[in-house]
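Reader: I would like to go through this structure one question at a time. Where do we begin?

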Amino acid sequence: MSDIEDPKTIECPPNTLTRRDLIKRVIVGGVAVSSASYLFRASTLLRQSAPGTGERLLTINVNGQQRRADVMKQETLAWTLRHKLGLTGTKLGCDRAECGSCTVLIDGVPHYSCSVLTHTVRDRKVLTIEGLASSDGTLHPVQQGVIDEQGFQCAFCMPGFIMAAVAFLKTNPNPTRSELAQGLSGNLCRCQDYDKILTAMMRGAENMRRARRV
Ligand code: FES
Ligand code: FES
């Protein structure tokens, strides 16, 4: 069940969850962050039926696994990931290609999944925030950079920033702060926590370089 279908699942007992715990949960699976208006909008949409839009069984490669889902022809990848495959780490902010919250990698290239039709990724490899950590639970160096620097406030935008940074750092592993800012300029943070985000992403870049050396 997704966090949208049952808002109770995102509630945490008071005084049992530290900020560090919260950030780690979002980094790994993006399960802890949402907002009331977002929940309302999504739950309303979930109940809508689309007349004349039949679903079709589709198999897509997500995080190295072949996943099957009934997908409407006009369905976006973000919708399929969140509501058909339960991968709620990918966030929906604007739902119109402006904020970058929904960024995933398709064949290693960052895309706004709110603006990609699921049917177009049938023969491609999709990577979401849930697929970044190693199978033994070791965080990706960029995820670890966020832990190291505590780089976000509400962290709603964090999965998108991390996915965009992972892709950018493959092309430029040793960026200046200004180059990294430019590389992440397709992602917006409503908390406007850009300075801390950049510091965390720079730490992620450093972690990646160090991981390559060992
Ligand atoms: S939700 Fe896709 S770009 Fe904002
Ligand atoms: S930290 Fe809140 S939206 Fe970015």
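Author: We begin with a definition: the expected span of a helix is 1.5 Å times one less than its number of residues. Keep in mind that this is a predicted model.

Reader: What span does α5 reach from its first C-alpha to its last?

Author: α5 has 14 residues. At 1.5 Å a residue, the expected value is 20 Å. The span of α5 is close to that, at 20 Å.

Reader: How many of the residues of α5 are buried?

Author: A residue counts as buried under 20% relative accessible area. In α5, the buried residues include M158, F161, I162 and F168. Because so many are buried, α5 is largely enclosed by the rest of the structure; the count is 12 of 14.

Reader: Which helix supplies the largest share of the largest nonpolar core?

Author: The largest nonpolar core has 27 residues, and V142, F152, I162 and M201 touch the most other members. At least two residues of this core come from each of α4 (141-149), α5 (158-171) and α7 (194-213). The largest share is 10 residues, and the helix that supplies it is α5.

Reader: How many residues are in the second, separate core?

Author: Among the members of this second core are V62, V71, V116 and V126. It is separate, and its residues number 14.

Reader: Which residues form the aromatic cluster?

Author: Rings pair if their centres lie within 6.5 Å. A search of the whole structure finds two aromatic pairs. One cluster is formed, and its members are F152, F161 and Y194.

Reader: Over the ring of which residue does the charged end of R190 sit?

Author: For a charge to sit over a ring, CZ of Arg must be within 6 Å of the ring centre. The charged end of R190 is 4.7 Å from the centre of such a ring. That ring belongs to F156.

Reader: Why is α3 described as largely enclosed by the rest of the structure?

Author: The buried residues of α3 are L77, A78, W79, T80, L81, R82 and H83. After α3 comes G86, with a positive phi near 70°. α3 is largely enclosed because its buried residues number seven of eight.

Reader: Is K91 buried or exposed?

Author: K91 lies in the loop between α3 (77-84) and β3 (103-106). A polar atom of the K91 side chain is 3.0 Å from the backbone oxygen of T88. The relative accessible area of K91 is 0%, so K91 is buried.

Methods
Residues are numbered from 1 along each chain as its sequence is written. Chains are lettered from A and ligands numbered from 1 in the order in which they are written. This is a predicted model: local features need pLDDT of at least 70, side-chain atom pairs count only at pLDDT 80 or more; totals for chains, interfaces and linings use all residues. Side-chain values use heavy atoms; hydrogens and water are left out. Rings of Phe, Tyr and Trp (its six-membered ring) pair if their centres lie within 6.5 Å; planes under 30 degrees apart count as stacked, over 60 as edge-to-face and the rest as tilted. A charge sits over a ring if NZ of Lys or CZ of Arg is within 6 Å of the ring centre and within 35 degrees of the ring normal. A nonpolar core is a set of buried Ala, Val, Leu, Ile, Met, Phe, Trp, Tyr and Cys residues joined through side-chain atoms within 4.5 Å. Buried means under 20% relative accessible area, exposed over 50%, partly exposed in between (1.4 Å probe, protein chains only). Helices (H or I, at least four residues) and strands (E, at least two) are DSSP runs, numbered from the N terminus. A polar contact is a pair of N or O atoms within 3.5 Å; within protein, one must be able to donate a hydrogen and the other to accept it, and residues adjacent in sequence count only if both atoms are side-chain atoms.
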